[in-house]
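Student: I should like to work through a protein model with attention to its charged pairs and its nonpolar interior. May we proceed by question and answer?

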Amino acid sequence: MGCGGVGRQLLQHIVSCRSLHAQQGVHLRVIGVCDSKSLVFASDVITRELNDQTLYEVCRVKSNGSSLSALGDLGECIVHGNSESKRKVMDIAALLGKATGLAFVDCSASSETIGVLNQVVDMGCCVVLANKKPSYFYNDIKDTFLLEDYDKLVSYPRRIRHESTVGAGLPVIASLNRLLSSGDPVHRIIGSLSGTLGYVMSEVEDGKPLSEVVKAAKNLGFTEPDPRDDLSGMDVARKALILARLLGRRINLDNIKIESLYPDEMGPDAMSVEEFLASGIVSLDNDVQERVKKALLNGNVLRYVCVIEGSSRCEVGIQELPKDSPLGRLRGSDNVLEIYSRCYNKQPLVIQGAGAGNDTTAAGVLADILDIQDLFP
C-alpha cells in the first residue's frame, strides 16, 4: 500500500534481491500493489504473482505522478478502481490469511490504511509498516489519537513489524524488543531521531547562524518543502511516542512536551515559507547562539533529542549534553539512540547510522518482511 518514494524503492529492492533470496531459499511473491485510487493484483493470488516486469512498470507509472489506473494491459494481472479496491483487498486477505504468510506492507503516509490493517490482522495476516500513523494511531479524519486501535494492532506482536517508523533501516525497535523480552527493563532512552535537526544542531555548534544553516539544509534537500515541518519537532515526537508505547506507556502525542524551534507567531498560519526564511528565522539567530555559547562554557553541546525516562518523563527539545557522549560526538545527519537498561546502565547500548532516505527506509521494510517468514512453514 503506497507507491511513493519508499514504496517504489521497496519493489525495486525485492526484484534486485531475487538471486540473493534464492540462495536463502526464499521467494517473495508480490500479489498486489495499490495507491489511494487503484489496486493491481495477480489474476490468481493463490498461485501467481505480479512478475518483475509488471513491478517495474508500476514504478515507472508512479514515478511519473500517475495513478495505477493508468496501467495498460499487463497480461496476468487485474486493475481495480477505488470503489472496488477495498472489497477486493478484504477478499484476498480472507482467502489467504495466515496460512500462506500474507503480509500487508504499508508504505503510504495516510491514516486511511488503519481500518484495513485492523481488519486484516484479525484474519491472521501480517503487517509491516513504514507509515508512522498506524504505529501511533493518529486519525487525520477524526483528528484523534486512538489507543484502542493501537492495542488491537499490537495484540498480535509477532505478526507486526514497524522498524522503519522510527530509524529507517536502523535496528531500534528490534533492539528494544530484544531487551524487553529478555527481562531487561529499559529505564531511559535519549536520542537524536531527526537527520535534519541533527545536521542543524551540529552546524550551529560551529558558530553558523541558525537562519543560514536552515536555508542551506533546505537547498540540500535535507528539509521538508516547509522547513518548519522539521523545526516544529513533531516528527521526533511521533517517533518518541512509538518508543514510549513500546515501553508500555499509555500515552498519546498530546502527553509529550514538545519544544518547537520557532514561536507560534511564525507558524504556517501566520507567515508564508518565504517570509519565514527571509525575515522570521533571522530573528531567532541570537537566542540560539547564546544557548550554544552557554553550553560550550559548561563543556557541553546542544542537541535536539527525545528523552523517555522513568514512568512519566517523555519530552522532545534541545538538551545540553556532554561533548564526549555518543550524542555529543554526533555530526551531520545520522540518527543516534542511547538506551539505558539494567544490563546497559553506566554504558548505554548505542545505535547509530543513517536514519532517513527512501533507499535506507525501503531496505528496513524489506528486512522486516523477511523477518516474519519464520512464522510460517
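The exchange below deals with salt bridges and then with nonpolar cores.

Student: How many salt bridges does a search of the whole structure find?

Tutor: The model is a predicted one. A search through the whole structure gives a salt-bridge total of 17.

Student: Which parts of the chain does the salt bridge between Arg 331 and Glu 205 tie together, and how many residues apart are they in sequence?

Tutor: The closest N and O atoms of Arg 331 and Glu 205 are 3.4 Å apart, and the cut-off for a salt bridge is 4 Å. Arg 331 lies in the loop between β12 (313-322) and β13 (334-341), whereas Glu 205 belongs to helix α10 (residues 195-205), so the pair joins parts whose separation in sequence is 126 residues.

Student: Is Glu 205 buried, partly exposed or exposed?

Tutor: Buried requires a relative accessible area under 20%, and exposed requires one over 50%. Its partner Arg 331 has 39% and is partly exposed. For Glu 205 the value is 22%, and the class is therefore partly exposed.

Student: Which residue meets Arg 291 in a salt bridge, and where does that residue lie?

Tutor: The side chain of Arg 291 meets that of Glu 259, at 3.0 Å from N to O. The two lie 32 residues apart and link distant parts of the chain, with Arg 291 in helix α15 (residues 285-297). At 29% relative accessibility Arg 291 is partly exposed, as is Glu 259 at 25%. The partner is Glu 259, in the loop between β10 (257-258) and α14 (273-280).

Student: Which residues are linked with Glu 309 and Arg 313 in a network of salt bridges?

Tutor: Glu 309 and Arg 313 form a salt bridge with an N to O distance of 2.8 Å. Glu 309 is partly exposed at 28%, and Arg 313 likewise at 27%. The network links this pair with Arg 188 and Glu 315.

Student: Which helix gives the most residues to the largest nonpolar core?

Tutor: This core has 52 residues, and Leu 210, Leu 231 and Phe 276 are among those that touch the most other members. The helix that gives the most, with 8 residues, is α13 (residues 234-246).

Student: Which residues are in contact with Phe 276, leaving aside neighbours within four places in sequence?

Tutor: Phe 276 is a member of the largest nonpolar core. With those neighbours set aside, its contacts are Arg 228, Leu 231, Tyr 262, Met 266, Met 271 and Ile 281.

Notes:
Residues are numbered from 1 along each chain as its sequence is written. This is a predicted model: local features need pLDDT of at least 70, side-chain atom pairs count only at pLDDT 80 or more; totals for chains, interfaces and linings use all residues. Side-chain values use heavy atoms; hydrogens and water are left out. Helices (H or I, at least four residues) and strands (E, at least two) are DSSP runs, numbered from the N terminus. Buried means under 20% relative accessible area, exposed over 50%, partly exposed in between (1.4 Å probe, protein chains only). A nonpolar core is a set of buried Ala, Val, Leu, Ile, Met, Phe, Trp, Tyr and Cys residues joined through side-chain atoms within 4.5 Å. Contact means heavy atoms within 4.5 Å.
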